[in-house]
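This report concerns aromatic ring pairs and annotated repeats. The sequence and structure are shown first.

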Amino acid sequence: TLASASSSSDSDTGGASPPPRKKHRASAAEGAGEPGASADITGLSSMQANGAGQGQESTELSCLNSAQNGESSSAGGTHSNGLLSSTDNGNSVGTSNGSSTGPVSGTSASSAASGSEAEEDVIRLIGQHLHGLGLNQTVDLLMQESGCRLEHSSATKFRNHVMEGEWDKAENDLNELRALMHSPNAIVRMKFLLLQQKYLEYLEDGKVLEALQVLRGELTPLKYNTDRIHVLSGYLMCSHAEDLKAKAEWEGKGTASRCRLLDKLQTYLPPSVMLPPRRMQTLLRQAVELQRDRCLYHNTKLDSNLDSVSLLLDHVCSRLQFPCYTQQILTEHCNEVWFCKFSNDGTKLATGSKDTTVIIWQVDPESHQLKLLRTLEGHAYGVSYLAWSPDDTYLIACGPDDCSELWLWNVQTGELRTKMSQSHEDSLTSVAWNPDGKRFVTGGQRGQFYQCDLDGNLLDSWEGVRVQCLWCLGDGRAVLASDTHQRIRGYNFEDLTDRNIVQEDHPIMSFTVSKNGRLALLNVATQGVHLWDLQDRVLVRKYQGVTQGFYTIHSCFGGHNEDFIASGSEDHKVYIWHRRGELPIAELTGHTRTVNCVSWNPAIPGLMASASDDGTVRVWGPAPFLDSQEADGLNENCSNMDS
């Protein structure tokens, strides 16, 4: 275990070194977040299943989802939903074996329509979805029996005229819809979209004069979106239809582009007049995403396709799929292991120890087992910090407080490229790579803060900064440094400016930053793990359970989308939290001394490593036999925090 040389309070002129804190035991806080939210979608999904045999939802059918209320359909005529009807054995729509289908079980349309507004909305949603599946007769019967109306009759006419390309009639329909709309300006926008489609279709058909008339006589007088009109006028120069489609990024005349047009037009109409397109699919997708979002152990890539999930059951991930079971114990180090870090591509793990060595481990892509690749020796003071270059070609190793040297290794060849030391009085305990991979910054608590190239040549230096931990932001200019004044400051080596970003009340022992550069995870002496928003400069969350004194412990973000946080602890455990919850969702036991560092594999969300003073590195993964009752016994080393 490394005791920090930072003090809990420093003067502006310099920092005194506090003594290492005695270890103490604190009971881990237990608790968990809420289980996943349930969305009542069974009935809707079973209705979808009933229509599955009708064929895939086409773009055309998804747009033609209209029906008028209270009208019966005749064979070969027009459906009450506005679609051309099809006949079944010569019988008219809505009949079975020649007999007219009436209200079921004597239920009248008026009694069905007397339900709540929410029930009527559900009926309309079901009707729209069934239209998308092509079940038009079913929709007619549903609307007739329920007494509901899928959409306003004016909207139905408007939809049909748009889909048939009858632009003059569609414009007239807008006048009928005007009284039903909340915003008077919406009519102008809708008319502009209609005329734009009309103009493009004329151009595709080679009717340049007609297109020019639309542009000059109809679009321009609207005095709306003149920039777009200038762009449209440029399409007159297109030599052929394919050139037009490419420049306009337009599908061309036909069902696809008219459906896309309708989707845009529907956004201006109240849902009571015309439902937004594919509304049920949208609601189901939102319900699935909400359940995933509230699932404590969801650690797989999000898939927005409803075909990839079951709508009949609530979403839930088992903790057996979560990396909280020991997969491997690496015992090749012969003293305390102070640091571990997976490479950026997730194929290797580097571990640094008090035994003066760095070990590079290869991760098997199939079994996820780790195998010793090579050992890098000669770090006389031990290795307390490691940093992979952005392309994983190089690895920099730093020592503890009294170490004035820094080693830059070529991982692929095992050769030492640079051994850097500016002065024997220096303390180089932390390092961070510039995103360009050609420079790095390093520093320590004796006031050194350098920027160097790969050969160890000093490029820039910042005087008087007692560095505890470093991080380079993605812009390549700003460097974050925690110092002995319990703060994180941003330093710009180009214009030599600095600014305060985070201020804590206790020493910051270490910190790491999320991939997007927005969040910082701090291990704070005697306080535990804190999450800060670097952009808003506010403390977001304090995570509970971990035992943190004045020893340097490194935590990490992890999992898909970095939804999880893991940290070592002085009580020999590894703690895992969901980023949104303060209570741990798992406590991993197995180590017998302080856990100094945790690293989550960036490419394999179910793989994590921890380094401890007990001389071992533990590799954590899912339960080895997910389908066996024996897995229950594995909870001995993975405390169940969600009960």
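Is Phe339 buried or exposed, and at what relative accessibility? Phe339 counts as buried, because its relative accessibility is 5%; buried means under 20% relative accessible area, exposed over 50% and partly exposed in between, with a 1.4 Å probe and protein chains only. Tyr385 likewise counts as buried, at 10% relative accessibility.

The model is predicted: local features need pLDDT of at least 70, side-chain atom pairs count only at pLDDT 80 or more, and totals for chains, interfaces and linings use all residues. Residues are numbered from 1 along each chain as its sequence is written, and side-chain values use heavy atoms, with hydrogens and water left out.

Rings of Phe, Tyr and Trp (its six-membered ring) pair if their centres lie within 6.5 Å; planes under 30 degrees apart count as stacked, over 60 as edge-to-face and the rest as tilted. By this rule there are 14 aromatic pairs, including the two tabulated here.

| Pair | Centre to centre | Between planes | Class |
|---|---|---|---|
| Phe322 and Trp600 | 6.1 Å | 75° | edge-to-face |
| Phe339 and Tyr385 | 4.8 Å | 45° | tilted |

Phe322 lies in the loop between α13 (279-294) and β3 (325-330) and Trp600 in strand β28 (residues 595-600), so their pair ties together parts 278 residues apart in sequence. Helices (H or I, at least four residues) and strands (E, at least two) are DSSP runs, numbered from the N terminus. Both Phe322 and Trp600 are buried, and ring pairs link these two with Tyr297 and Phe564 into a cluster.

For "repeat: WD", an unreviewed UniProt entry lists residues 330-364, 376-407 and 588-620; such annotations may be inferred rather than shown by experiment, feature names are shortened, and positions follow the numbering used here. Residues 588-620 are 0% helix and 48% strand, with end C-alpha atoms 9 Å apart.
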